[in-house]
Amino acid sequence: MIGDQIFKQHHLSQIQSLAKELCVANIPAGRRVGDRAVGQLSKKRTAAVLIPLCNIEGKGASMLFTVRTSTVGTHKGQVSFPGGHTDDNETPADTATREAREELGLPQLTPTILGTLPQVQAITGTMVTPVIGFLPGFADTDAANVSKSVDEVDLVFTMSIADMLDADRRGVEQIGKHTIPYFLADDGIKIWGLTGYIADIAISRLVLPTMRQAML
């Protein structure tokens with residue numbers, strides 16, 4: 001049972017090692033995720049998202065998400081991770097950190113970057129690099145009070161790792177010919193599509209093995 005465990009330094013070190021191994025092994029090129037291809041190269045613009053891990057009082061180890069506004073250019077009203085297109089001379093970690101600061105309204109936010117996951121192609125064709133990071137000092141911050149970017153973000157919320165592993169809170173659904181994971185957060189919020197897929201990879205390949213090993 002994960003319960004109300006929190007992320008500690010040895011967890012973060014193990015997640016960092018697993019992320020490095022996962023990137024070396026990679027996910028086979030050409031695997032499809034809905035309308036998304038994993039590990040394939042693209043000439044289109046690239047982007048990065050931050051998978052923000054944090055410790056939340058009363059919840060324990062958690063993951064942070066945003067809900068996009070209805071006025072943004074793409075993915076209107078959808079649950080997402082902080083992120084956006086990569087500027088010239090930026091690394092994926094640079095992009096993920098910059099976008100997280102802008103979207104969450106936390107200019108001093110400095111995530112502890114733990115690594116990256118293999119690229120995923122969004123439905124728009126953009127190649128997205130998921131960057132996994134830990135938000136130190138976020139434990140006592142109520143996500144509802146974050147000074148979010150009102151143009152881009154309607155809501156900032158967290159979901160505990162324990163809830164994300166709860167069989168009543170997760171499942172899979174068919175999108176066309178493909179089976180895609182989803183998670184059910186509080187207030188009827190559904191984490192699905194590309195974000196659900198990335199979150200599932202992070203949980204199953206990085207977080208869960210780390211937390212389980214810590215309990216042995």
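These legends accompany close-up views of a predicted model.

**View 1. The largest nonpolar core and the elements that build it.** Welcome to the interior: the largest nonpolar core has 43 residues. Phe 7, Leu 53, Met 63, Phe 65, Ile 161 and Met 164 are the members with the most contacts inside this core. Two or more residues come from each of helix H1 (9-25), strand S3 (46-56), strand S4 (60-68), strand S9 (127-134), strand S10 (153-160), helix H3 (161-165) and helix H4 (193-215). H4 gives the most, with eleven residues.

**View 2. Phe 7 and its contacts.** Here we zoom in on Phe 7, a residue listed among those with the most contacts inside the largest core. Beyond its neighbours within four places in sequence, Phe 7 is in contact with Leu 12, Ile 15, Leu 53, Cys 54, Asn 55, Ala 61, Ser 62, Phe 134, Ile 161, Val 207 and Met 211. Two of these partners, Leu 53 and Ile 161, are also named among the core residues with the most contacts.

**View 3. A second, separate core.** This core has 16 residues, including Leu 50, Cys 54, Ala 143 and Val 153. Cys 54 may look familiar from the previous view, where Cys 54 is a contact of Phe 7.

**View 4. Two cysteines, Cys 23 and Cys 54.** Which of the two is buried, and which is partly exposed? Cys 54 counts as buried because its relative accessibility is 0%, under the 20% cut-off. Cys 23, by contrast, is partly exposed, with a relative accessible area of 28%. If you are looking for a disulfide, a search of the whole structure finds zero.

**View 5. Glu 90 in a loop, with two polar contacts.** Glu 90 is found in the loop between strand S6 (83-85) and helix H2 (92-104). The Glu 90 side chain makes a polar contact of 2.7 Å with the side chain of Thr 95, and another of 2.7 Å with the side chain of Arg 98. Leaving out residues up to four places away in sequence, Glu 90 touches His 85, Thr 95 and Arg 98.

**View 6. Glu 173 in strand S11, paired with Lys 190.** Is Glu 173 buried or exposed? Glu 173, in strand S11 (residues 170-175), is buried because its relative accessible area of 19% falls under 20%. The side chains of Glu 173 and Lys 190 are joined by a polar contact of 2.7 Å. Not counting residues up to four places away in sequence, Glu 173 touches His 178, Thr 179, Ile 180, Tyr 182, Lys 190 and Trp 192.

Note on methods:
Residues are numbered from 1 along each chain as its sequence is written. This is a predicted model: local features need pLDDT of at least 70, side-chain atom pairs count only at pLDDT 80 or more; totals for chains, interfaces and linings use all residues. Side-chain values use heavy atoms; hydrogens and water are left out. A disulfide is a pair of cysteine sulfur atoms within 2.5 Å. Buried means under 20% relative accessible area, exposed over 50%, partly exposed in between (1.4 Å probe, protein chains only). A nonpolar core is a set of buried Ala, Val, Leu, Ile, Met, Phe, Trp, Tyr and Cys residues joined through side-chain atoms within 4.5 Å. Helices (H or I, at least four residues) and strands (E, at least two) are DSSP runs, numbered from the N terminus. Contact means heavy atoms within 4.5 Å. A polar contact is a pair of N or O atoms within 3.5 Å; within protein, one must be able to donate a hydrogen and the other to accept it, and residues adjacent in sequence count only if both atoms are side-chain atoms.
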